[in-house]
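The following exercises ask the reader to work through a protein structure step by step. Please attempt each task before consulting its solution.

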Amino acid sequence: MDTTDLILIGILSALWIVLHLTIGRLGFALFRLPIFCDVAAYFTLLLSVWIFGKFGAASIVGVVGSVVTLFLSPEASQILGFAVSAVLFDVLCLTIRHKAFTRIANIVFVSAITIASAYFAGAVIGSVLMTTQPYWSVSWALDYWASLHAAGGLLSLLVALPVIGALERAGVRGLIYRG
């Protein structure tokens with residue numbers, strides 16, 4: 001990693017933090033649904049994979065963003081589920097060599113990876129971090145809560161894919177690395 005990579009990791013981590021502390025909270029406050037938290041996470045992770053195209057960047061963005069989010073909002077323990085799922089997302093992207101947007105097949109795979117990672121985040125959050133809720137059960141965590149997160153992963157794809165397509169057509173990645 002060079003200086004440009006570190007700066008981009010900082011920018012994407014800041015985006016992760018700002019999105020979680022704004023739209024993530026807003027969606028939960030308005031609808032009592034976690035789906036906007038997933039958009040905050042996977043929009044940022046998809047951008048990371050598109051920009052870097054290599055292993056490690058998405059994990060670092062997710063973990064750094066989560067740690068700072070937890071520091072700024074200590075009651076937001078659910079962010080730990082997103083940190084773990086960011087690492088899973090990054091590892092699963094190895095199956096497509098982090099070239100998520102080079103072929104239609106890779107877009108299909110990264111879509112499945114996003115939805116599976118979001119489901120995993122929901123399963124971790126629901127089965128580990130929400131056990132004190134009066135309605136909690138393992139089946140609730142895995143069937144209901146994790147499925148809501150998977151829907152949030154799908155929503156993040158609907159937001160991220162057009163944005164990444166527009167950035168690609170505008171040649172933004174080339175501008176970043178050619179300065």
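**Exercise 1.** In this predicted model, determine which residue forms a salt bridge with Arg 25, and where the two partners lie.

*Solution.* Step 1: The partner of Arg 25 is Glu 75, and their closest N and O atoms are 3.0 Å apart. This distance satisfies the criterion for a salt bridge, which requires the atoms to be within 4 Å.
Step 2: Arg 25 belongs to helix H1, whereas Glu 75 sits in the loop between H3 and helix H4 (79–92). The pair therefore links distant parts of the chain, 50 residues apart.
Step 3: Arg 25 has a relative accessible area of 41%, so it is classed as partly exposed. Glu 75 reaches 56%, so it counts as exposed, the limit being over 50%.

**Exercise 2.** State how many salt bridges a search of the whole structure finds, and describe the pair formed by Lys 54 and Asp 5.

*Solution.* Step 1: The search yields 3 salt bridges.
Step 2: In one of them, the side chains of Lys 54 and Asp 5 meet, with an N to O distance of 3.0 Å. Lys 54 is located in the loop between helix H2 (35–52) and helix H3 (57–72), and Asp 5 in helix H1 (residues 3–31). These residues are 49 apart, so this pair too links distant parts of the chain.
Step 3: Asp 5 is buried, because its relative accessibility is 3% and the cut-off is under 20%. Lys 54, at 36%, is partly exposed.
Step 4: A further salt bridge joins Glu 168 and Arg 173 at 2.7 Å, N to O. Glu 168 is partly exposed with 40% relative accessible area, and Arg 173 is also partly exposed, with 29%.

**Exercise 3.** Compare the expected span of H4 with the separation of its end C-alpha atoms, and identify the elements against which its buried residues pack.

*Solution.* Step 1: H4 has 14 residues; at 1.5 Å a residue it should span 20 Å. One residue is subtracted before multiplying, because the expected span is 1.5 Å times one less than the number of residues.
Step 2: The end C-alpha atoms of H4 are 20 Å apart, which agrees with the expectation.
Step 3: The buried residues of H4 include Ile 79, Phe 82, Ala 86 and Phe 89. The buried residues of this helix pack against H1, H2, H3, helix H5 (104–129) and helix H6 (138–169).

**Exercise 4.** Which residues have the most contacts inside the largest nonpolar core, and which helix supplies the largest share of this core?

*Solution.* Step 1: The core has 41 residues, and those with the most contacts inside it are Trp 16, Tyr 42, Phe 82 and Phe 89.
Step 2: H1, H2, H3, H4, H5 and H6 each contribute at least two residues to this core. The largest share, 12 residues, comes from H2.
Step 3: When neighbours within four places in sequence are set aside, Tyr 42 is in contact with several residues, among them Phe 82, Phe 89, Thr 114 and Ser 156.
Step 4: As a general rule, nonpolar side chains tend to be buried together in soluble globular proteins.

**Exercise 5.** Which residues make the nonpolar surface patch of about 670 Å²?

*Solution.* Step 1: The patch is made by Met 1, Leu 6, Ile 60, Val 64, Val 68, Phe 71 and Leu 72.
Step 2: H3 provides its largest share, 5 residues; Leu 72 lies in this helix.

How values were computed:
Residues are numbered from 1 along each chain as its sequence is written. This is a predicted model: local features need pLDDT of at least 70, side-chain atom pairs count only at pLDDT 80 or more; totals for chains, interfaces and linings use all residues. Side-chain values use heavy atoms; hydrogens and water are left out. Helices (H or I, at least four residues) and strands (E, at least two) are DSSP runs, numbered from the N terminus. Buried means under 20% relative accessible area, exposed over 50%, partly exposed in between (1.4 Å probe, protein chains only). Contact means heavy atoms within 4.5 Å. A nonpolar core is a set of buried Ala, Val, Leu, Ile, Met, Phe, Trp, Tyr and Cys residues joined through side-chain atoms within 4.5 Å. Patches are made of residues with over 30% relative accessible area and no salt bridge: like charges are joined within 9 Å, nonpolar side chains (Val, Leu, Ile, Met, Phe, Trp, Tyr) within 5 Å. Accessible areas come from the Shrake-Rupley method with a 1.4 Å probe; for residues, only the protein chains shown count as cover.
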